[in-house]
Amino acid sequence: MRAALGLIERPSRERSARGASPRQLVVFAAALGLLGPSTSGFAAAAPKPALEPATRTVSVLLGRINAARRAYHERLVRLDLRLCRIAVAHAVDMVEHNYFDHVSLDGLSPFDRMHAIHYRFGYAGENLALDLDARSVAQALWNSPEHRRNLLEPHYAHVGIAAVPAGGGEIIVVEDFSD
């Protein structure tokens with residue numbers, strides 16, 4: 001794995017949930033224009049014809065997360081459309097502005113991004129990765145104790161996943177978790 005950042009967790013009394021399939025995520029992201037071409041950063045974000053690989057990547061990552069959670073007797077997480085929107089927007093922002101961090105260049109943390117769209121949560125966290133494909137991302141996140149703690153956090157019930165091409169054959173992955 002080229003790079004990864006992870007394990008941000010913040011307890012709160014807030015809650016919200018809304019499930020979505022990987023296909024719904026990609027259709028939603030495309031409708032928002034979040035997967036359109038870019039003019040700066042790592043490289044152009046995925047054009048709309050590349051949506052099928054993004055759907056497969058999200059499906060693989062969700063499957064690996066839930067396989068690990070099942071093996072450790074944790075409840076499975078469901079894709080949450082609002083968390084997916086947050087994850088996609090952050091991944092695209094990192095690609096367009098050529099950075100890799102939980103905090104955006106305008107100073108917003110994952111929690112700030114959740115609050116900005118009135119997403120309510122009690123526990124939340126984020127994993128970031130930059131690698132070649134979904135399987136190598138999933139393995140690298142699993143091999144990192146901090147990321148593994150996020151993947152297995154018992155409070156989490158929802159996840160938003162984004163996988164955006166970053167140039168050079170790599171993808172940026174954002175996994176946003178909440179209860």
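Trp142 counts as partly exposed in this predicted model, with a relative accessibility of 23%. The residue lies in helix H5. Beyond its neighbours within four places in sequence, Trp142 is in contact with Ala68, Tyr72, Arg148, Leu151 and Leu152. The C-alpha atoms of Trp142 and Arg64 are separated by 9.4 Å. Along the chain, Trp142 and Arg64 are 78 residues apart.

Trp142 also takes part in a helix pair. Helix H5 spans residues 134-143, and helix H6 spans residues 145-152. Their axes are 5 Å apart. The packing angle is about 100 degrees. H5 is therefore roughly perpendicular to H6, because angles of 65 to 115 degrees fall in that class. On the H5 side, the contact is made by Leu141, Trp142 and Asn143. On the H6 side, Pro145, His147, Arg148, Leu151 and Leu152 contribute. By residue class, the contact of H5 with H6 comprises 5 nonpolar, 2 polar and 1 charged. Among the H6 residues of this contact are Arg148, Leu151 and Leu152, and these three also appear in the contact list of Trp142.

Pro154 follows in the loop between H6 and strand E4, the latter covering residues 158-167. Pro154 counts as partly exposed, at 45% relative accessibility. Leaving aside neighbours within four places in sequence, Pro154 is in contact with Arg69, Glu74 and Arg75. A separation of 9.9 Å is found between the C-alpha atoms of Pro154 and Tyr123. These two residues are 31 positions apart along the chain.

The overall architecture is mixed. The chain has 6 helices and 5 strands. From the N terminus on, the order of elements is β-α-α-β-α-α-β-α-α-β-β. The chain contains 179 residues, of which 50% count as buried. Contacts with a sequence separation of 6 or more were also examined. Residues 24 or more positions apart account for 75% of them.

The structure holds 1 salt bridge. The side chains of Glu126 and Arg113 form it, with an N to O distance of 3.1 Å. Glu126 lies in strand E3 (residues 124-131), and Arg113 lies in helix H4 (residues 110-116). The pair therefore ties together parts that are 13 residues apart in sequence. Both partners count as buried. The relative accessible area of Glu126 is 0%. For Arg113, relative accessibility is 10%, which is under the 20% cut-off for a buried residue.

Glu126 has a further partner. Its side chain makes a polar contact with the side chain of His102, at 2.6 Å. Glu126 thus takes part in the salt bridge with Arg113 and in the polar contact with His102.

A polar contact is also present at strand E5. Ser178 is placed in this strand, which covers residues 170-178. Ser178 counts as buried, at 0% relative accessibility. The side chain of Ser178 makes a polar contact with the side chain of Tyr119, at 2.6 Å.

Backbone geometry and loops were considered next. Most residues other than glycine have a negative phi. Asn98 has a positive value, with phi near 55 degrees. Asn98 is found in the loop between helix H3 (81-97) and H4. His118 also has a positive phi, of about 60 degrees, although it is not a glycine. His118 is found in the loop between H4 and E3. His118 counts as exposed, at 63% relative accessibility.

Gly168 occupies the loop between E4 and E5. At 78% relative accessibility, Gly168 counts as exposed. The C-alpha atoms of Gly168 and Asp131 are separated by 10.0 Å. Along the chain, Gly168 and Asp131 are 37 residues apart.

Terms used:
Residues are numbered from 1 along each chain as its sequence is written. This is a predicted model: local features need pLDDT of at least 70, side-chain atom pairs count only at pLDDT 80 or more; totals for chains, interfaces and linings use all residues. Side-chain values use heavy atoms; hydrogens and water are left out. Axes are lines fitted to C-alpha atoms, for helices over the stretch in contact, and angles run from 0 to 180 degrees between N-to-C directions. Helices (H or I, at least four residues) and strands (E, at least two) are DSSP runs, numbered from the N terminus. Angles under 35 degrees count as roughly parallel, over 145 as roughly antiparallel, 65 to 115 as roughly perpendicular and the rest as oblique. Contact means heavy atoms within 4.5 Å. Ala, Val, Leu, Ile, Met, Phe, Trp, Tyr, Cys and Pro count as nonpolar, Asp, Glu, Lys and Arg as charged, and the others, Gly among them, as polar. A salt bridge is a side-chain nitrogen of Lys or Arg within 4 Å of a carboxyl oxygen of Asp or Glu. Buried means under 20% relative accessible area, exposed over 50%, partly exposed in between (1.4 Å probe, protein chains only). A polar contact is a pair of N or O atoms within 3.5 Å; within protein, one must be able to donate a hydrogen and the other to accept it, and residues adjacent in sequence count only if both atoms are side-chain atoms.
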